[in-house]
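Visitor: I am new to protein models. Can you walk me through this one, feature by feature?

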Amino acid sequence: MQTLSNNTIVSHQVIYYGAPGTGKSYKIKKYLEDNCVPKENIFRTTFHPDSDYSTFVGTYKPKMKMQYRYSDGGVRIKYYEDDDLAQTKKSDPIVDKVIEYAFVPQAFLNAYVRAYQTEENVYLIIEEINRGNCAQIFGDLFQLLDRNAEGKSEYTIKADTDLKSHLEEELGKENEGIKGGELCLPANLYIFATMNTSDQSLFPIDSAFKRRWDWEYEPIKYEDRDWQIIVGDKEYSCVSFQKEINKRIFNITHSEDKMLGDYFVNPHDGIITEKMLLNKVLFYLWNDVCKDGEGDIFKTS
């Protein structure tokens, strides 16, 4: 774990959760900025329903490769349509475009390798962690999330052949990251994730996975800003509207999950136009909050 200047402890694995627009991603961004984390030590990915182990860790993929060769007689025997034949010399090589398969690492593996290449802290950021099937995405990496007091994985796992070959090439066979063909999360690798509670039923996260993370709730703060909602020639306080509408959302849902966070709409000039109100806020309220009934927001009858 890492200790900040205000003596708060940052766990190696944290999920920041809360209603949409409460500033979960911003909190991670500010933490990285405040600790002057260089870009080369930050790795990001976003989970979605099609995410799987290969898109999170890595897999073999086809890649285009330029292949150069010479004809036996030293004379070029193959040309492309855009070649300038008049400028071709006998010593020019023949260029073939061929497809080859190579192991392509993804966010997790890139962060893992970087953490073993430096003594600095490395951060893997997972946005919308519950929008993907975590059991399928993490696979056997799930076991590595158990950390000991030093921050290293309590239990190691055997790397498959492809993963082992890639890591041995990147780190060397005797590196702790692949020594004995086993994977182990180092103490300088941190994993932060965000989760919208309004989407928590998309892919339920099982209790075994949950307990391996620390959870930090990001509340709605109703920050005192000068943002205004302008409809026609009238102006309204954004915070006052947010407070009132959230009361009504709670009366409908009996939960904070679908309330409007402070940054649900984030206008750069502090002005929420009628169009933004209609297309972002009212559309969300109608389709997500009031889909099972009109509640006390829309008077349709």
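**Reading the model**

Guide: Start with a lining. The residues that line the largest cavity divide into 10 nonpolar, two polar and two charged. Keep in mind that this is a predicted model.

Visitor: How many cavities of 30 Å³ or more does the count give?

Guide: The count comes to one cavity of that size. About 110 Å³ of space lies in the largest cavity. Its lining has 14 residues, and those closest to the centre are C238, L260, G261, V265 and I272.

Visitor: Which elements give two or more residues to that lining?

Guide: They are α7, residues 238–253, and α8, residues 274–289. The largest share, three residues, comes from α7.

Visitor: What does the secondary structure of the chain come to?

Guide: Eight helices and 14 strands.

Visitor: And how do I read burial?

Guide: Use a cut-off: a residue is buried when its relative accessible area is under 20%. In this chain of 301 residues, buried ones make up 40%. Now look at the outside. The chain exposes about 17,400 Å², and carbon and sulfur atoms supply 49% of that area.

Visitor: Why does C238 count as buried?

Guide: Because its relative accessibility is 8%, and the cut-off for buried is under 20%. Try C290 next. C290 has a relative accessible area of 6%, so C290 is buried as well.

Visitor: Those are cysteines. What is a disulfide?

Guide: A disulfide is a covalent bond between the sulfur atoms of two cysteines. Here the count comes to zero disulfides.

Visitor: How do I read contacts along the chain?

Guide: Ask how far apart the partners sit in the sequence. Take the contacts in the chain with a separation of 6 or more: residues 24 or more positions apart account for 74% of them.

Visitor: Let me try one residue. Where is Y116 found?

Guide: Y116 is in helix α3, which spans residues 107–117.

Visitor: Is Y116 buried or exposed?

Guide: Buried, because its relative accessibility is 18% and the cut-off is under 20%.

Visitor: Which residues does Y116 touch, not counting those up to four places away in sequence?

Guide: Y116 touches L171, N175, E176, G177, C184, L185 and P186. Pick L171 as an example. Y116 and L171 are 55 residues apart in sequence. In space, their C-alpha atoms are 7.7 Å apart.

Visitor: So sequence and space need separate checks.

Guide: Use Y116 and L171 for practice: find both in the sequence, then find both in the model.

Terms used
Residues numbered from 1 in each chain as written. Predicted model: local features only at pLDDT ≥ 70, side-chain atom pairs only at ≥ 80, totals over all residues. Heavy atoms only, no water. 1 Å grid on protein atoms, 1.4 Å probe; cavity = no way out; pocket = protein on both sides within 12 Å on 5 of 7 lines; lining within 4 Å. Points joined across faces, edges and corners; volume = space filled by probe spheres on them. Helix = DSSP H or I, 4+ residues; strand = E, 2+ residues; numbered from the N terminus. Nonpolar A, V, L, I, M, F, W, Y, C, P; charged D, E, K, R; others polar. Buried < 20%, exposed > 50% of the residue type's maximum accessible area, 1.4 Å probe, protein only. Contact = heavy atoms within 4.5 Å. Areas by Shrake-Rupley, 256 points an atom, 1.4 Å probe, with all protein chains shown as cover. Disulfide = S-S within 2.5 Å.
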